[in-house]
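Here is a quick tour of one chain, from a single histidine out to the overall shape and back in to the cysteines. Have the structure open while you read.

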Amino acid sequence: MACLGEEVYSPQLREQWHAKLPASVRPSAELLGQELDHLTELHQTAERQMCAAAGKFPMWRKLQTAPGIGRKRSAQLLAIVVTPHRFRTKRLFWSYCGLGVVTRSTSDWVRQPNGQMVRAPVIQARGLNKACNRQLKGLFVGAAKTALRCRRPNPLRDAHERMVEAGTKPNLAQLTIARKIAAVVLAMWKSESEYRIMS
């Protein structure tokens, strides 16, 4: 429980935390701290290079205006999707992103006592498409979480609250918001336009 919070990762406060450790594990903790510092520096360098490479495409700046997308997510979108024209409809895009709802069923046909095969009323299991691009799924779910944290006026947050008040589970309402953001991004990209809140 001593490591709860982010103070333990701070280079400025690390010495205080090391002093609280037994002497036998301090060298290991110091090495881990140095490794964290180097990884943080590499992460920041890689992020700068990714954004510099994405900056060569005019759509990068426009995609940043979508709710919850920002610099990093728009760069990732450009790298993963490449062109929005691969997807004729938003449903195809949702399926690729792992946000498409699918139904599965087994034993659709049953044999009656007279030997005749008839279609049975089967309860179909519903779920999300598992054959998807996991990075895109994480990207849009993260964008939904970010968009829901934004202050008002926030039409997506208002829609989320309405769905929850109507009885929708919060995780399913968040999924709906992620699907809306994906649909908006696809439409923006196809029309090469920026995001605008319609009044």
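## A histidine and its neighbours

Leaving aside residues up to four places away in sequence, His18 touches Arg26, Ala29 and Glu30. Keep in mind that this is a predicted model. His18 sits in helix 1, which covers residues 14-20. Is His18 buried or exposed? With a relative accessibility of 8%, His18 counts as buried, since the cut-off for buried is under 20% relative accessible area.

## Zooming out

Now for the whole chain. What does the fold consist of? There are eight helices and four strands. Reading from the N terminus, the order is α-α-α-α-α-β-β-β-β-α-α-α, so the strands follow one another in the list, with helices before and after them.

How does the radius of gyration of the chain sit against that of a compact globule? For 199 residues, a compact globule would come out near 16 Å, whereas this chain has 24 Å. The C-alpha trace spans about 80 × 50 × 35 Å along its principal axes. Buried residues account for 30% of the 199 in the chain.

On the contact side, take the pairs of residues at least 6 apart in sequence: 58% of those contacts join residues at least 24 apart.

## Surface and charge

The chain's accessible surface is about 13700 Å², and carbon and sulfur atoms own 56% of that. As for charge, count 32 positive and 14 negative side chains. The centres of these two sets are 14 Å apart.

## The cysteines

How many disulfides does a search of the whole structure find? The answer is zero. Cys132 is in no disulfide, and its nearest cysteine sulfur belongs to Cys97, 8.3 Å away. Cys150 is in no disulfide either, with the sulfur of Cys51 as the nearest one, at 18 Å. Why do these pairs not count? A disulfide needs two cysteine sulfur atoms within 2.5 Å, and the sulfurs here are 8.3 Å apart for Cys132 and Cys97 and 18 Å apart for Cys150 and Cys51.

The two cysteines also fall into separate burial classes: Cys132 is buried, while Cys150 is partly exposed. Here they are next to His18, by relative accessible area:

| Residue | Relative accessible area | Class |
|---|---|---|
| His18 | 8% | buried |
| Cys132 | 18% | buried |
| Cys150 | 38% | partly exposed |

Conventions:
Residues are numbered from 1 along each chain as its sequence is written. This is a predicted model: local features need pLDDT of at least 70, side-chain atom pairs count only at pLDDT 80 or more; totals for chains, interfaces and linings use all residues. Side-chain values use heavy atoms; hydrogens and water are left out. Helices (H or I, at least four residues) and strands (E, at least two) are DSSP runs, numbered from the N terminus. The radius of gyration is taken over C-alpha atoms; the globule rule is 2.2 Å times the number of residues to the power 0.38. Buried means under 20% relative accessible area, exposed over 50%, partly exposed in between (1.4 Å probe, protein chains only). Contact means heavy atoms within 4.5 Å. Accessible areas come from the Shrake-Rupley method with a 1.4 Å probe; for residues, only the protein chains shown count as cover. Lys and Arg count as positive and Asp and Glu as negative; His and the chain ends are not counted. The place of a charge is taken as NZ of Lys, CZ of Arg, CG of Asp or CD of Glu.
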